[in-house]
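Trainee: I should like to understand the reasoning behind the terms used for enclosed spaces in a protein. May we go through them together?

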Amino acid sequence: MESQHFEEAAQQQASNNNDSKRGGSLMSLSLVAGGWASNLLVYLITEYNIKSIAATKIINIALGFNSLFPIAAAIISDSFSGSFPVVSIFAFVSLLGMIMFTLTAVIHSLRPSQCVIGSYTCETPSNFQYAVIYMTLLLAALGVGGTRFTIATMGAEQFDKASDQGIFFNWYFLTLYIANAISFSAIVYIQDNVSWGLGFGICAIANVIGLAVFIMGKKFYCQVKPKGSPFTSIARVMVAAIRKRKILRSFGSHNYYFGTTEALKMEDDASMKSLRFLNRAALITEDDKQLDGYYARSWRLCTMEEVEALKTLIKLIPLWSTGIFLSTSIGIPYSLITLQALTLNRHIGPHFKFPAGSFILFNFLATAISIFIVDRFFTPMWRNLTHQPLTPIQRIGIGHVINILGLVGYALMEIRRLHVVRTHNLTNQPSLVVPMSAFWLVVPLAIVGIGEGFHFPGSVALYYQEFPISLKSMSTAMVSLLLAIGFFLSSAIIDLVKRTSIWLPDDINVGRVDNVYWMLTVIGVVNFGYYIICAKLFKYQNIEEHDGDSRSAP
């Protein structure tokens, strides 16, 4: 008994070592990501003389790739290499990106000549300078995309219970937002008040530390070996179902091929009644028999487990799609807030001027605090009051509502700012400061941050629980894919609004940014209605996680 106690203590200590090393790597690499992304808009406007709306579109595209690359990393991780090599390689790519950022800041020939913000005679970047900054952004985005969500999957793989994985995702996002808070405060302050080169250089050093800590912890990690491309299985199900589409006779569960998996035979056939066309992929026919008289998986015959895995993905798609416009309503304000802050009074006392790129810090702080409160207080209180756990779908829905309230706050704040601009006759004078405190932006930023503390962890937990085992890395990257689509769509919407209206000129003092926020509010309300419909129709497949029943999502 005593030896067993010491063995359990040793295992717990090893688990703590794993968590500390992954946490240290995540903190360092997230600090790096925030260090270049947080103040990128200001960097492009002040150091590269790029017009404000054009810079906004560039940053949305860069952040879109930031969130798109995790999908490629997840495919590589799930299909070929596992999580550890992917994180190691892309962390090194991130380091190359930070070295390039540092070089663009310290070598003057890599940037155009500096000029006053708002001037109409600034020198534009040359083709070579554009090529350098685009290559830098590509390397940095690849580094972030290949590490951020792959670390999340690798961390969840260290736990067996879904409840423990849910707690891990809460702390994962908490660490992520704390690191971003440091980037959006300390790093941005150094970039604005000391030098861009030092700010980017500190990020490069943090990248080296994160990569070294991660590699040193290799022997402590539980590494899950990839089982080949899961997309091959998905393709085989679709091909097999199409090839057997003309079979007309009725059939029951005894006619299906289960392979070596007996678990599905013990369940009722409720799941088999949905998307029944796909069941044909597992239907046993005489043509499926091998030469030795046995049946085996092929492009004509799949197991019911493979069929059900594809059904799960199809059923999740409508619910997942509701996050696209949610991400868009986050992506557009992400850039516009900085443009608004640049026009407002950012002084704290007579000597300190708060950096415009640091206002997103308040969003991150609100999210981090929200995640902690939800995990420690809100969730237990919900269970005590309702005698039911707070499900991921309920958590995401709460996030939708809070996000809509935040968008209303953005619109009201901009209405007030434009009123002050017109009262003091500041239109067509972009270089003058609007006599209004920029810290009014903190209120809507905090509201949206609270909403993110609900829906982002809830989304990751839902996808990780419901996705097939072979697609676990892809499950955590699905949130990143939402962000990618959201940022790309943000850039497209900004471009469309700029082309078809007068809402977004380069001088926002003569524009109507408030109408942009009202448009996003309307989209958010419609999207929430769509979310409710999808949530009502969705049924959890992970029975163990949801108290032993396969109930519909509330």
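**Enclosed spaces in a predicted model**

Mentor: Please keep in mind that this is a predicted model. The second largest cavity has a volume of about 90 Å³.

Trainee: What makes this space a cavity and not a pocket?

Mentor: A cavity is a set of points where a 1.4 Å probe fits but cannot get out, whereas a pocket is an open set. The space of about 90 Å³ was found as a cavity, so a probe placed there cannot get out.

Trainee: Which residues lie closest to the centre of the second largest cavity?

Mentor: They are Gly-323, Leu-326, Ile-396, Ser-459 and Leu-482, out of 15 lining residues. Helix 9, helix 11 (392-423) and helix 12 each give two or more residues to this lining, and helix 9 gives the most, with six.

Trainee: Why is Gly-323 counted as polar?

Mentor: The classes place Gly among the polar residues, so Gly-323 falls there. By class, this lining has nine nonpolar, six polar and no charged residues.

Trainee: How many cavities does the search find in the whole structure?

Mentor: The search finds six cavities of 30 Å³ or more. The largest holds about 510 Å³ of space. Of its 32 lining residues, the closest to the centre are Arg-148, Tyr-334, Phe-364, Leu-483 and Phe-487.

Trainee: What makes Arg-148 a charged residue and Tyr-334 a nonpolar one?

Mentor: Arg is listed as charged and Tyr as nonpolar, so Arg-148 and Tyr-334 are classed accordingly. The lining of the largest cavity has 22 nonpolar, eight polar and two charged residues.

Technical notes
Residues numbered from 1 in each chain as written. Predicted model: local features only at pLDDT ≥ 70, side-chain atom pairs only at ≥ 80, totals over all residues. Heavy atoms only, no water. 1 Å grid on protein atoms, 1.4 Å probe; cavity = no way out; pocket = protein on both sides within 12 Å on 5 of 7 lines; lining within 4 Å. Points joined across faces, edges and corners; volume = space filled by probe spheres on them. Helix = DSSP H or I, 4+ residues; strand = E, 2+ residues; numbered from the N terminus.
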